[in-house]
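I opened this entry to keep a record of what I looked up in the model. The notes follow the order in which I went through it.

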Amino acid sequence: MRTQVTHPHHHHATRAAQALTVARRHLDDAVARETADRRDEARIVAAASSLQAWRPIPGPTGRGGHGDPAGRTVVDFLEPEVRDGQLGRLAGRTTATLTWLAGALALPTAGDPLPALAAAVPTLRPSTARHLARWLDEADQQIRDRLALDDDGTPIPGLRCPRCARRQLTAHTTGPRPTWTVTCTPTCLCVGPDCPCTMPTRVVDVAHIWGPDHPLTARSVSAA
Ligand SMILES: [Zn+2]
Ligand SMILES: [Zn+2]
């Protein structure tokens, strides 16, 4: 049976991992476009320099025509080297951070570290989950800032927050059902055991977040 995780730090880490999963998917697409552009550019530069190097032999003897087909063949066969652009370097830095986090948590680091980190969240201590959520949120924000992506989540204007009563709840449902969460605004903080938020585990000063098994999450999805 799945261990029921009800701690808000775990929910935040799960939310952050799913958001970053989507952000990295967008980044991968952007890197592919960037690499294709840079390859085209490098080919044009290579073709231009090969054209400059071409020295036709003037004269009516007919020997002058040899250079042209040879030049084209060189351009076709020598694929220019394409280095990572800004987005490629951002993707590399993000993966390096995730690999480092997986290593720090003694997770298997073969393959992509993000799914391993996401899967490990329920096994972490709440304080560790809190740190992990911060790292993941920061990586997510860097990518979204760079690509001008909206923040993760779908607004649910139909429901009020049980704590602050504002209609500013957001559903985070891009991952599998057990990863779904609902959040209020980052400034709507829990006041602890007496908080009316109905979170099963109420921790002072944590931004409100309701997990996949909470009725509010089920209602939010149907109200979205
Ligand atoms: Zn609220
Ligand atoms: Zn609360």
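**Sheet.** I started with strand S2, residues 169–172, and found it joined to S1 by three bridges, the two strands running antiparallel. I took one residue as a check: Thr154 has Ala171 in S2 as its bridge partner. The model is predicted, so I read all of this as a computed picture. I then followed the sheet outward. The sheet is open, has four strands in the order S1-S2-S3-S4, and pairs them antiparallel. Its edges are S1 (154–156) and S4 (209–210), each of which pairs on one side only. As a reminder to myself, strands of a sheet pair through backbone hydrogen bonds, parallel or antiparallel.

**Chain overview.** I counted secondary structure next. The chain has six helices and four strands, and along the sequence they read α-α-α-α-α-β-β-β-β-α. I noted 224 residues, of which 36% count as buried. For contacts with a separation of 6 or more, 61% are between residues 24 or more positions apart. The exposed area of the chain is about 13200 Å², with 55% of it supplied by carbon and sulfur atoms.

**Zinc ion, ligand 1.** Which residues coordinate the zinc ion (ligand 1)? I found Cys161, Cys164, Cys184 and Cys188, each through SG, at 2.2 to 2.4 Å. The four donor atoms make angles of 101 to 116°, and the site is tetrahedral. For comparison I wrote down that the ideal angle for four tetrahedral donors is 109.5 degrees. Along the chain the donors are spaced C-x2-C-x19-C-x3-C.

I then looked up how accessible some of these donors are. Cys184 has a relative accessible area of 7%, so I list it as buried. Cys188 is at 4% relative accessibility and is therefore also on my buried list. Cys164 is at 25%, which means that it counts as partly exposed, the cut-off for buried being under 20%.

**Cys164.** I stayed with this residue for one more entry. Cys164 sits in the loop between S1 and S2. Leaving out residues up to four places away in sequence, Cys164 touches Cys184 and Cys188; both of these also coordinate the zinc ion (ligand 1). I also recorded a distance to Cys197: the two C-alpha atoms are 8.5 Å apart, with 33 residues of separation in sequence.

**Zinc ion, ligand 2.** Cys197 is itself a donor, to the zinc ion (ligand 2). The protein donors there are Cys190 (SG), Cys195 (SG), Cys197 (SG) and His208 (NE2), lying 2.0 to 2.3 Å from the ion. Why is the arrangement around the zinc ion (ligand 2) tetrahedral? I find angles of 104 to 114° among the four donor atoms, and the arrangement counts as tetrahedral because all angles lie between 85 and 135 degrees. The spacing of these donors along the chain is C-x4-C-x1-C-x10-H. On burial, Cys190 has 1% relative accessibility, so I count it as buried. Cys197 is buried as well, at 0%.

**Cores.** I moved on to the nonpolar cores. The largest has 26 residues, and those with the most contacts inside it are Leu20, Leu27, Leu98, Leu117, Leu132 and Leu136. Helices H1 (8–53), H3 (86–104), H4 (113–120) and H5 (126–147) each supply at least two of its residues. H1 gives the most, with eight. I picked Leu20 for a contact list: setting aside residues up to four places away in sequence, Leu20 touches Thr94, Leu98, Leu114, Leu136, Ala139, Asp140 and Ile143. Another core lies apart from this one and has 14 residues, among them Ile156, Leu169, Val182 and Cys195. I note that Cys195 is also a donor to the zinc ion (ligand 2).

**Leu149.** My last lookup was in the loop between H5 and S1, where Leu149 is placed. Is Leu149 buried or partly exposed? At 24% relative accessibility, Leu149 counts as partly exposed, because buried requires under 20%. Its contacts, not counting residues up to four places away in sequence, are Ala23, His26 and Arg144. Leu149 and His26 are 123 residues apart along the chain, and 8.8 Å separates their C-alpha atoms.

Note on methods: Residues numbered from 1 in each chain as written. Chains lettered and ligands numbered in written order. Predicted model: local features only at pLDDT ≥ 70, side-chain atom pairs only at ≥ 80, totals over all residues. Heavy atoms only, no water. Core = buried A, V, L, I, M, F, W, Y, C linked by side-chain atoms within 4.5 Å. Buried < 20%, exposed > 50% of the residue type's maximum accessible area, 1.4 Å probe, protein only. Contact = heavy atoms within 4.5 Å. Donors = N, O, S within 2.8 Å, 3.2 Å for Na, K, Ca; no water. Tetrahedral: all angles 85-135°; square planar, octahedral: opposite > 155°, others 65-115°. Areas by Shrake-Rupley, 256 points an atom, 1.4 Å probe, with all protein chains shown as cover. Pairing = 2+ DSSP bridges.
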